[in-house]
Amino acid sequence: MSEKPFWAGKTLMEIQNLDKRVKVTMENGDVFIGKLVRRSRDADGMCSLSMQLDAHRTYLHVFSAESFDTQPVIPSYVDTVELLDDPECERIDDIDDVREGDIFVAKDGNHYPIKHIGDYGLGATFCVSLPYGIRAWLADSAFSYALRPEPKLPDHDGLWLDKGDGLWLVTGTTVIEIAPKDPPAASISYPASSIEASERLSLFATFRLAKAVEA
């Protein structure tokens, strides 16, 4: 017997709150990949959760339910809905522990990347990113919790750039911070598998591979 689908036993809002990419396979074989971003209610009171297909706000209805707090079903034209692997996130419940780069989860279930934390006034602390490059300040009273993606650390040998474009050399046994603008003593090395290496690297995440440039 196959495993239950990831959405079994979850409400419509809980599915959206997962904030994960999904693969939707249609009965005709078409495949769509994206996030379930839009909840709506039709004239008969039925609710749906949809994936946005393009910049013109064309939506594909993926789940339907009697309310946002009930378990949904997939429509007849959808064959399967699968959860794709995404980086795991740490849940932050204390609003005072939230930092830039976290994802603001509002009480209505919507998710917003936090771009800046400050004091806008009127009880608004978080400046977030909205679709189409728009930024807005959200009231603290709308805060439910935040999600913090696990930082991407080097996972194989090679040259890596950290979030500040600092260069690191990773080998099978050593992680070396290369700091050409600093005195040579600033270079630090750890065994690659050590806890100290993970803790040190996390401060500089997220990492990306450095592209080799021919002379």
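The following exercises, with worked solutions, concern a predicted model.

**Exercise 1. Determine where Asp102 is placed and whether Asp102 is buried or exposed.**

Solution.
- Step 1: Locate the residue. Asp102 belongs to the loop that runs between strand E6 (89-92) and strand E7 (103-106).
- Step 2: Apply the cut-off. Buried means under 20% relative accessible area. Because the relative accessibility of Asp102 is 2%, Asp102 counts as buried.
- Step 3: Examine the polar surroundings. A polar atom of the Asp102 side chain lies 2.9 Å from the backbone nitrogen of Arg99.
- Step 4: List the contacts, leaving aside neighbours within four places in sequence. Asp102 then touches Ile92, Asp97, Tyr112, Pro113, Ile114, Ala146, Leu147 and Arg148.

**Exercise 2. State how many aromatic pairs the count comes to, and analyse the pair formed by Trp7 and Phe63.**

Solution.
- Step 1: Rings pair if their centres lie within 6.5 Å. By this rule there are 5 aromatic pairs.
- Step 2: For Trp7 and Phe63, the centre-to-centre distance is 5.3 Å and the angle between the planes is 65°, an edge-to-face pair.
- Step 3: This pair links distant parts of the chain, with Trp7 in the segment before helix H1 (12-17) and Phe63 in strand E4 (residues 59-65), 56 residues apart.
- Step 4: Both Trp7 and Phe63 are buried.
- Step 5: Ring pairs also join Phe104, Phe126 and Phe143 in a cluster.

**Exercise 3. Identify the rings over which the charged ends of Arg38 and Arg91 sit.**

Solution.
- Step 1: The charged end of Arg38 is over the ring of Tyr59, 4.6 Å from the ring centre.
- Step 2: The charged end of Arg91 is over the ring of Tyr145, at 3.7 Å from the ring centre.

Key. Residues numbered from 1 in each chain as written. Predicted model: local features only at pLDDT ≥ 70, side-chain atom pairs only at ≥ 80, totals over all residues. Heavy atoms only, no water. Helix = DSSP H or I, 4+ residues; strand = E, 2+ residues; numbered from the N terminus. Buried < 20%, exposed > 50% of the residue type's maximum accessible area, 1.4 Å probe, protein only. Polar contact = N/O pair within 3.5 Å; in protein donor to acceptor, adjacent residues only side chain to side chain. Contact = heavy atoms within 4.5 Å. Phe/Tyr/Trp six-rings, centres within 6.5 Å; stacked < 30°, edge-to-face > 60°. Lys NZ or Arg CZ within 6 Å of the ring centre and 35° of its normal.
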